[in-house]
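Please work through the exercises below with the sequence and the structure at hand. Each task is followed by a solution in steps.

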Amino acid sequence: MEKQCCYKAFFETEENTVYHLEYSLLIQSVEQRKYYGVAVRMTNETGASEEDAVMGLCENREKAEQFLLRLKENLALPIELTALCDDFISE
């Protein structure tokens, strides 16, 4: 499996805690086919991190990259990723 970081973002809470977000494209090759997934990693100022990933989201890289951009634009958090991927698959 290959992981390519595509986007980075950050947000600040009302308590002035800054979180850095990293959105990555996951690429898995199986029997000469490629499957694409996504990962979201969130790190705070102290270095503590949370991450979630969904493999095999689709076989179309362009669609996976568009979904990843949508995640970044909406500042999606790792805890939301599974539900957002379910919505994407249902579209």
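The exercises treat the sheet, the helices, the core and some single residues.

The model is predicted: local features need pLDDT of at least 70, side-chain atom pairs count only at pLDDT 80 or more, and totals for chains, interfaces and linings use all residues. Residues are numbered from 1 along each chain as its sequence is written, and side-chain values use heavy atoms, with hydrogens and water left out.

**Exercise 1. The sheet**

Determine in which order the strands of the open sheet are arranged, and which of them stand at the edges.

Step 1. Strands (E, at least two residues) and helices (H or I, at least four) are DSSP runs, numbered from the N terminus. Two strands pair if DSSP finds at least two bridges between them.

Step 2. Strand 1 covers residues 2-12 and is joined to strand 2 by 10 bridges, the two running antiparallel. Within this pairing, Lys3 faces Leu26 of strand 2.

Step 3. Strand 3 and strand 4 are also antiparallel, with 7 bridges between them. Here Met42 has Glu50 in strand 4 as its bridge partner.

Step 4. The open sheet therefore has 4 strands in the order 1-2-3-4, with antiparallel pairing. Strand 1 and strand 4 are at the edges; each has a single partner strand, so one side of each lacks a neighbour in the sheet. On average, neighbouring strands of this sheet are turned by 15° against each other, direction ignored.**Exercise 2. The helices on the sheet**

Describe which strands helix 1 and helix 2 touch, and where the buried residues of helix 2 fall.

Step 1. Contact means heavy atoms within 4.5 Å. Axes are lines fitted to C-alpha atoms, for helices over the stretch in contact, and angles run from 0 to 180 degrees between N-to-C directions.

Step 2. Helix 1 lies across strand 1, strand 2, strand 3 and strand 4, and runs at about 170° to strand 2. Helix 2 packs on the sheet by touching strand 3 and strand 4, and its direction makes about 20° with that of strand 4.

Step 3. A residue is buried under 20% relative accessible area, exposed over 50% and partly exposed in between (1.4 Å probe, protein chains only). In helix 2, the buried residues are Leu81, Cys85 and Phe88. Viewed down the axis of helix 2, these residues fall within an arc of 55°, so they line one face of the helix. The arc is that of the directions from the helix axis to the C-beta atoms.

Step 4. These buried residues of helix 2 pack against strand 3, strand 4 and helix 1.

**Exercise 3. The nonpolar core**

State how many residues the largest nonpolar core has and which elements give two or more residues to it.

Step 1. A nonpolar core is a set of buried Ala, Val, Leu, Ile, Met, Phe, Trp, Tyr and Cys residues joined through side-chain atoms within 4.5 Å. In soluble globular proteins, nonpolar side chains tend to be buried together.

Step 2. The largest such core has 20 residues, and those with the most contacts inside it are Tyr23, Val38, Leu57, Phe67, Leu71, Leu81 and Cys85. Two or more residues come from each of strand 2 (18-30), strand 3 (33-44), strand 4 (49-58), helix 1 (61-73) and helix 2 (81-90).

Step 3. Beyond its neighbours within four places in sequence, Cys85 is in contact with Val38, Val54, Leu57 and Phe67.

**Exercise 4. Two residues of strand 2**

Decide whether Tyr19 and Ser24 are buried, partly exposed or exposed, and list what each touches.

Step 1. Tyr19 is in strand 2, and its relative accessibility of 22% makes it partly exposed. Not counting residues up to four places away in sequence, Tyr19 touches Ala9, Phe10, Phe11, Thr13, Met42, Thr43 and Asn44.

Step 2. The structure holds 2 aromatic pairs. Phe11 and Tyr19 form a stacked one, at 5.3 Å centre to centre and with 20° between the planes. Rings of Phe, Tyr and Trp (its six-membered ring) pair if their centres lie within 6.5 Å; planes under 30 degrees apart count as stacked, over 60 as edge-to-face and the rest as tilted.

Step 3. Ser24 also lies in strand 2, and it is buried, with a relative accessible area of 2%. Under the exclusion of residues up to four places away in sequence, Ser24 touches Lys3, Gln4, Cys5, Cys6, Gly37, Val38, Ala39 and Leu68.

**Exercise 5. Positive phi in the loops**

Find where Asn16 and Glu31 are placed, and give the phi of each.

Step 1. Most residues other than glycine have a negative phi.

Step 2. Asn16 is in the loop between strand 1 and strand 2, and has a positive phi near 65°. The hairpin of these strands has 5 residues between them. Asn16 is exposed, at 53% relative accessible area.

Step 3. Glu31 is in the loop between strand 2 and strand 3. Its phi is positive, about 45°, although it is not a glycine. Glu31 counts as exposed at 75% relative accessibility.
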